[in-house]
Amino acid sequence: MEVDHRKIEEAVRMILEAVGEDPNREGLLDTPKRVARMYQEIFSGLGQDPKEHFSVIFSEDHEELVLVKDIPFFSTCEHHLVPFFGKAHVGYIPRGGRVTGLSKLARAVEAVARRPQLQERITATVADAIMDKLDPHGVIVVVEAEHMCMTMRGVRKPGAKTVTSAVRGVFAKEATTRAEALSLIGIK
Ligand SMILES: Nc1nc2c(ncn2[C@@H]2O[C@H](COP(=O)(O)OP(=O)(O)OP(=O)(O)O)[C@@H](O)[C@H]2O)c(=O)[nH]1
Ligand SMILES: [Zn+2]
């Protein structure tokens with residue numbers, strides 16, 4: 001999906017004016033164009049369905065945990081439009097030989113993170129996409145992030161980390177399965 005560059009450029013010029021800047025001074029002349037290109041990049045997930053990444057399925061007889069941890073991501077807080085960023089950990093227990101490519105788990109995180117977001121929604125959307133497309137025994141998604149809206153402004157608590165989890169299937173039903181995955185994720 002292509003963002004409306006002209007509209008973003010106009011809006012950025014208006015914001016610069018509104019804060020008392022001169023959008024025509026040399027250093028700011030190209031800023032509206034740059035910001036539009038930046039939004040194109042950081043909101044590129046808006047045109048994507050995370051489920052589309054799970055069409056690659058290998059028939060592999062593995063009905064034990066598959067966990068990709070420490071997937072770095074950058075997202076944008078939908079309340080303040082400033083970044084929040086951290087790591088996502090995505091695990092699932094395949095069923096019926098439906099195993100997807102490892103990179104597809106990271107691609108799903110990217111698709112969901114690259115739009116105005118809430119951390120809880122990233123966590124749940126990735127978990128539900130995997131449940132929907134792969135119908136596994138279960139899914140666990142843990143996301144840890146630092147929110148710039150809590151760091152550089154507002155409550156100003158740098159270093160505070162938000163951890164969210166979404167557990168589905170056996171991870172919701174069985175405490176030992178959940179505990180095993182959480183200990184492998186090993187959030188510090
Ligand atoms: N649940 C949730 N809250 C978030 C997320 N990102 C930012 N927030 C919070 O959204 C809330 C917005 O609160 P408001 O009172 O409407 O806005 P505000 O006056 O700018 O709030 P402060 O940040 O407390 O200054 C804040 O508490 C933020 O910390 C997120 O991913 N999930
Ligand atoms: Zn925020």
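This is a guided tour of one predicted model, with a suggestion at each stop of what to select next and what is to be found there.

**Before you start**

Residues are numbered from 1 along each chain as its sequence is written, and chains are lettered from A and ligands numbered from 1 in the order in which they are written. Because the model is predicted, local features need pLDDT of at least 70 and side-chain atom pairs count only at pLDDT 80 or more, while totals for chains, interfaces and linings use all residues.

**The whole chain**

Begin with the whole chain in view, whose C-alpha atoms fill a box of roughly 60 × 35 × 20 Å along the principal axes. Its secondary structure comes to seven helices and seven strands, where helices (H or I, at least four residues) and strands (E, at least two) are DSSP runs numbered from the N terminus. Followed along the sequence, these elements give the pattern α-α-β-β-β-β-α-β-α-β-α-β-α-α.

Next, colour residues 5-42 as domain 1 and residues 50-185 as domain 2; these bounds come from an automatic or database domain assignment. The C-alpha centres of the two domains lie 33 Å apart.

Of the 188 residues in the chain, 30% are buried, a term that applies if 20 or more other C-beta atoms lie within 10 Å of a residue's own, whereas 12 or fewer make it exposed and values in between make it partly exposed, with C-beta atoms placed from the backbone. Two residues are in contact if their C-beta atoms, placed from the backbone, lie within 7 Å, and among contacts between residues at least 6 apart in sequence, 72% join residues at least 24 apart.

**The sheet**

Now select β5, β2, β3, β6 and β7, which in that order make an open sheet of five strands with mixed pairing; two strands pair if DSSP finds at least two bridges between them. The edge strands are β5 (116-117) and β7, each of which pairs on one side only.

Starting from the β5 edge, β2 and β5 pair in the parallel sense over two bridges, and C77 has Q117 in β5 as its bridge partner. β2 and β3 pair in the antiparallel sense over nine bridges, with F73 partnered by G86 in β3.

Continue to strand β3 (residues 83-93), which 10 bridges join to β6 in an antiparallel arrangement. Two places to look along this pairing are K87, whose bridge partner in β6 is E144, and I93, which stands opposite G138 in β6. Beyond it, eight bridges join β6 to strand β7 (residues 162-169), again running antiparallel, and here G138 stands opposite G169 in β7.

How many of the 10 residues of strand β6 (residues 138-147) are buried? Eight of them are, so β6 is largely enclosed by the rest of the structure.

**Helices across the sheet**

Add helix α3 (residues 102-113), which lies across β2 (66-77), β3 and β5 and runs at about 15 degrees to β2. Then add helix α7 (residues 175-185), which lies across β2, β3, β6 and β7 and runs at about 40 degrees to β6. For these angles, axes are lines fitted to C-alpha atoms, for helices over the stretch in contact, and angles run from 0 to 180 degrees between N-to-C directions.

**Around ligand 1**

Select ligand 1 together with C77, H79, L118, Q119, E120, H147, C149, M150, G154 and V155, which surround it; a residue is counted here if its C-beta atom, placed from the backbone, lies within 6 Å. The elements that give two or more residues to this shell are α4 (119-134) and α5 (148-151).

**Three single residues**

In helix α4, pick out T125, which is buried because 22 other C-beta atoms lie within 10 Å. Leaving aside neighbours within four places in sequence, T125 is in contact with P50 and V112.

Which residue in the turn of the β2–β3 hairpin has a positive phi? L81 does, at about 55 degrees, in a hairpin with five residues between the strands, and L81 is exposed, with 11 other C-beta atoms within 10 Å.

Last, select D135 in the loop between α4 and β6, where phi is near 45 degrees, a positive value in a residue other than glycine. D135 is exposed, with 12 other C-beta atoms within 10 Å. Most residues other than glycine have a negative phi.
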